[in-house]
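Trainee: Could you take me slowly through one part of this protein, the place where two helices pack against each other, and then show me how that part sits within the rest?

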Amino acid sequence: MSTRRNELTRQAARLFAEKGYHGTSIGDVAEAMGVQKGSVYAHIDSKQDLLYEALREGADAFHGALDLIPEWRYLEGERRDEFVAARHRYEERIRGLFQEGVELSELRADLDVSAAALLFLSAANWAYTWLRPGGDTDAIADRFFALLVDGMRGYSTPA
């Protein structure tokens, strides 16, 4: 990803955190970057691209940090409890994203959000076993994302 696109993603993530996704416009991102709105569209197709990249980068950083220290399972007492609580909060946020997708009719109405979150997290947690050094991770991530989301959207699934 280009340096400019990385900066777009960082600025968008900051604005999403401050104003919320729906409260942030492409114009806001352009202003934060000091460019015209049309310049932003030279790097993205939609605001969804920025949201996806910001979330993916955050999840990658989280999992990358955990992958460096697989010994967390050997923690004891309060430290283990604290780590497990943080892990549960993260998992709950993933379930919440799926639930929000259901509520906004972006995902199928009958989606089992717990199972969807487990599938998503399982794929992400085991990526190190099937990713190959030097491989096109962006292309793989895009294919997995499309497969997971399109498989969850279904056709017409009224509430």
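Mentor: What follows is a close look at one pair of packed helices, with the whole chain as background and a second pair set beside it.

Please keep in mind from the start that this is a predicted model. The secondary structure of the protein consists of eight helices and zero strands, and reading along the sequence therefore gives the pattern α-α-α-α-α-α-α-α. Of the 159 residues in the protein, 25% are buried. The accessible surface amounts to about 10900 Å², and carbon and sulfur atoms account for 54% of that surface. If we take the contacts between residues at least 6 apart in sequence, 55% of them join residues at least 24 apart.

Now to the part you asked about. Two packed helices are described by the angle between their axes and the distance between the axes. Here the pair is helix H1, residues 3–19, and helix H2, residues 26–33, which pack at an angle of about 120° with their axes 9 Å apart. That angle makes H1 oblique to H2, because angles of 65 to 115 degrees count as roughly perpendicular and only those over 145 count as roughly antiparallel. As for the handedness, H1 passes H2 in a right-handed crossing.

Which residues in H1 meet residues in H2? From H1 come Arg4, Glu7, Leu8, Gln11, Ala12, Arg14, Leu15 and Lys19, and on the side of H2 they meet Asp28, Val29, Ala32 and Met33. Sorted by class, this contact of H1 with H2 has six nonpolar, one polar and five charged residues.

It helps to follow one of these residues, and Gln11, which lies in helix H1, is a good choice. Is Gln11 buried or exposed? Its relative accessible area is 14%, and because buried means under 20%, Gln11 counts as buried. When residues up to four places away in sequence are not counted, Gln11 touches Ala32 and Met33, and both Ala32 and Met33 appear in the list for H2 given above.

Further along the chain, Leu51 has its place in helix H4, which spans residues 47–68. Leaving aside neighbours within four places in sequence, Leu51 is in contact with Phe16 and Tyr21. Leu51 and Tyr21 are 30 residues apart in sequence, while their C-alpha atoms are 7.8 Å apart in space.

The second pair can be read in the manner you have just practised. Helix H5, residues 77–103, and helix H6, residues 113–125, pack at an angle of about 125°, with their axes 9 Å apart. H5 and H6 are therefore oblique to each other, and their crossing is right-handed. In H5 the residues Tyr90, Glu91, Ile94, Arg95, Phe98, Gln99 and Val102 meet Val113, Ser114, Ala116, Ala117, Phe120 and Leu121 in H6. By class, the contact of H5 with H6 has nine nonpolar, two polar and two charged residues.

Finally, look at the loop between H5 and H6, where Glu106 is found. Glu106 has a relative accessible area of 48% and is partly exposed. Along the chain Glu106 and Val149 are 43 residues apart, and their C-alpha atoms are separated by 9.4 Å.

Definitions and conventions. Residues numbered from 1 in each chain as written. Predicted model: local features only at pLDDT ≥ 70, side-chain atom pairs only at ≥ 80, totals over all residues. Heavy atoms only, no water. Axes fitted to C-alpha atoms, helices over the stretch in contact; angles between N-to-C directions. Helix = DSSP H or I, 4+ residues; strand = E, 2+ residues; numbered from the N terminus. Parallel < 35°, antiparallel > 145°, perpendicular 65-115°, else oblique. Left-handed = near helix turned anticlockwise from the far one by under 90°. Contact = heavy atoms within 4.5 Å. Nonpolar A, V, L, I, M, F, W, Y, C, P; charged D, E, K, R; others polar. Buried < 20%, exposed > 50% of the residue type's maximum accessible area, 1.4 Å probe, protein only. Areas by Shrake-Rupley, 256 points an atom, 1.4 Å probe, with all protein chains shown as cover.
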